[in-house]
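Here's a quick tour of how the parts of this assembly meet. Have a look at the structure first, then read on.

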Protein chains: 2
Amino acid sequence: MGVSHRKPVTMKDVAAHAGVSAATVSRALSGGRSMNPAVRDRVQAAARDLGYQINLLGRALRQQRLNIVGLMVPDLDNPFFAALAEQLARTLRSHGFELLVSSAAGSVEVEAQGVQSFLGQQIHSLVIIPCDEVESAATLRLAQQRVTVVQFDRRVATVDVPFVGGDNAAGMELIAAHVRATGVSESEVAFFGADPHSSSGRERWEGFHRAFPNSPQFSGAFDIDWGYQAVTELLSRGTKTGTIVAAADVIALGAISGLHAAGMNVPGDFRVVGFDGVGIASFALPKLTTVRQPVEKMSDAIRLLIGAEPGSATPAETLLQPEFVLGESSPE
Amino acid sequence: MGVSHRKPVTMKDVAAHAGVSAATVSRALSGGRSMNPAVRDRVQAAARDLGYQINLLGRALRQQRLNIVGLMVPDLDNPFFAALAEQLARTLRSHGFELLVSSAAGSVEVEAQGVQSFLGQQIHSLVIIPCDEVESAATLRLAQQRVTVVQFDRRVATVDVPFVGGDNAAGMELIAAHVRATGVSESEVAFFGADPHSSSGRERWEGFHRAFPNSPQFSGAFDIDWGYQAVTELLSRGTKTGTIVAAADVIALGAISGLHAAGMNVPGDFRVVGFDGVGIASFALPKLTTVRQPVEKMSDAIRLLIGAEPGSATPAETLLQPEFVLGESSPE
DNA sequence: ATGAAAGCGCTAACAC
DNA sequence: GTGTTAGCGCTTTCAT
């Protein structure tokens, strides 16, 4: 093991090998300018012979931009964010962009550092799912001075950066309508909320609260452990039956797991409703009743913002409608 | 909307503002060289005043490398890969590296393109979960000519690139021992295999085959849909009961979902065993019996390889032992 | 301890 | 249609 690395082949090497100038190599390999086909072929052959690979740094330094879009996510362990990343990567790739993903590990400091690094690399634009609707503001402002920025799924309201995401209020209304249709009373519903410092966490909380102002509400994080733990809190109040509305599918999954561990049956004893409907979480058993975020439409909307001319008019907000999905965790 | 972007502040600007040369700015901001503290403070103040952010491309072009590690994964939707990415990002961050993730979307072509792009960006090193144990070879060879490369979780055997991953054979032995201990006969066990063109898919298949050479085996992909579909195939053979060993947790999850849809009970009618034990899939209900891959140890091993001097002796293979986890999908 | 100057690899303006 | 030249932002000799 321990192979030493070959000195990179540069354009100058290819130029010498093909008997032309570096500029001609550049044109032959990437330029769209007209040129002698014979020369072009000779250059391409030389590049192949020598195993030439372009140094994108050189190009980017000269052109003042790299054809790469950066995506900053709070946490890749959350399957909703992972699904967003995968979908966005595919959408952007089909439009000539490459996506690189960085995780903030749930920390605004790491988020800030990652964005700084993206900016330092002269990325074309930045898509960010902000960690915190207050503390991420500085990072967003900084980024916006340098590149096109799009907030995705979560937003910082105090900053003038376009947003693409699902309509959390509408999603909660769909859920509330379903819960009401099942005939449960307000006192029998509980909300397992997520991070209230994120806009999605807060908006879903508010949406629930608007529909069921007197129901118990618990606040935690966007992860499975919190759902499990929240069940413990709920059961310790002596609750033996009811409906649980979770702020995310992962929380719902944890809740179902916790209920199961406590000997409860879903949907027999408790009905559980999730939020997101994307990625592996919604496939758990019993299959989740949830609202599905339109991930493809979200990615398309982002692509439009990214592709737009800087300075051109773009919507400040693209709110997409979720779709109700009836599963088995909350049958009618 | 549509803010136009400020012209970036360069070192020259900072130098002029502080009344020093660009070289001094460089030393004051990043250099470890000794210098007049008063001058250093003045430069740092100037940088702050002007909102200077370093252009990493300029630095990298000069230094011939960027302090970034690239991770190429086959697919971020697979929660095992997402968990690996998240863990590796954390491990590397605590050792001064930054991790950027790119998804191959399951395609060797996209994989090749993504690796090319990483190399073009002069990344410090590349960690790759190869898509295909044959067709990814060229990409690996190419990458190894330029940077330190580590194969992760999956490997291409025909290439001399160090590998870090779980011991799939040992994992399958743990599973086989468990299945045997539950007293099921060979004819009652079925294997839901994954992509046979990946080393992990093949090795788990072989491990199962060694233990149960006469059991039925189905081959598909590393995703939930395949697990669901495989159940259909199994049931169409008239099977009414038995044990299903899946090559991955996501497949097991799909299988459980399919069994459920077909009116079957787990573990009553069918017992299901998974593989990976990491990320959200293993939390599904009924809680999966699986073998857990030691993701943290894997990340540490990778960090050691990446941090090693190029040319120094490093292990060609780091095989880590999975741990049996008894869940509820296959009780004794 | 600091400055001047060269140069990393590439492309775009300009000249021929 | 192709070569020459300049320069993107940074670091690193080499002088001073």
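In this predicted model, chain B and chain A bury about 6,200 Å² between them, with carbon and sulfur atoms giving 60% of that area. Each side is easy to tally: chain B puts 69 residues into the contact, and chain A puts in 69 residues. On the chain B side, the elements giving two or more residues include helix H5 (79-93), strand S2 (98-103), helix H6 (108-120) and helix H11 (249-261) of chain B. That side of chain B splits into 37 nonpolar, 21 polar and 11 charged residues. Looking for salt bridges across this interface? The rule finds zero. Polar contacts are another story, with 21 residue pairs turning up between chain B and chain A.

Now for the DNA. There are 27 residues around DNA strand C, and among those that come nearest are Met11(A), Arg62(A) and Ser34(B). Sugar or phosphate accounts for 69% of the strand C atoms within 4 Å of the protein, and bases make up the rest. Here are some of the phosphate contacts:

| Residue | Distance from a polar side-chain atom to a phosphate oxygen of DNA strand C |
|---|---|
| Ser26(A) | 2.8 Å |
| Tyr52(A) | 2.3 Å |
| Thr24(B) | 2.3 Å |

Helix H2 (22-29) and helix H4 (56-63) of chain A each give two or more residues to the surface near strand C, and so do H2 and H4 of chain B. H4(A) gives the most, with five residues. By type, this surface has 11 nonpolar, 11 polar and five charged residues.

One last stop is Lys12(A), which sits in helix H1 (residues 11-18) of chain A. Lys12(A) is exposed, at 67% relative accessible area. Its C-alpha atom is 8.4 Å from that of Val25(A), 13 residues apart along the chain.

Note on methods
Residues numbered from 1 in each chain as written. Chains lettered and ligands numbered in written order. Predicted model: local features only at pLDDT ≥ 70, side-chain atom pairs only at ≥ 80, totals over all residues. Heavy atoms only, no water. Contact = heavy atoms within 4.5 Å. Buried area = accessible area lost by both parts, 1.4 Å probe. Salt bridge = Lys/Arg side-chain N within 4 Å of Asp/Glu carboxyl O. Polar contact = N/O pair within 3.5 Å; in protein donor to acceptor, adjacent residues only side chain to side chain. Helix = DSSP H or I, 4+ residues; strand = E, 2+ residues; numbered from the N terminus. Nonpolar A, V, L, I, M, F, W, Y, C, P; charged D, E, K, R; others polar. Buried < 20%, exposed > 50% of the residue type's maximum accessible area, 1.4 Å probe, protein only. Near = heavy atom within 4 Å.
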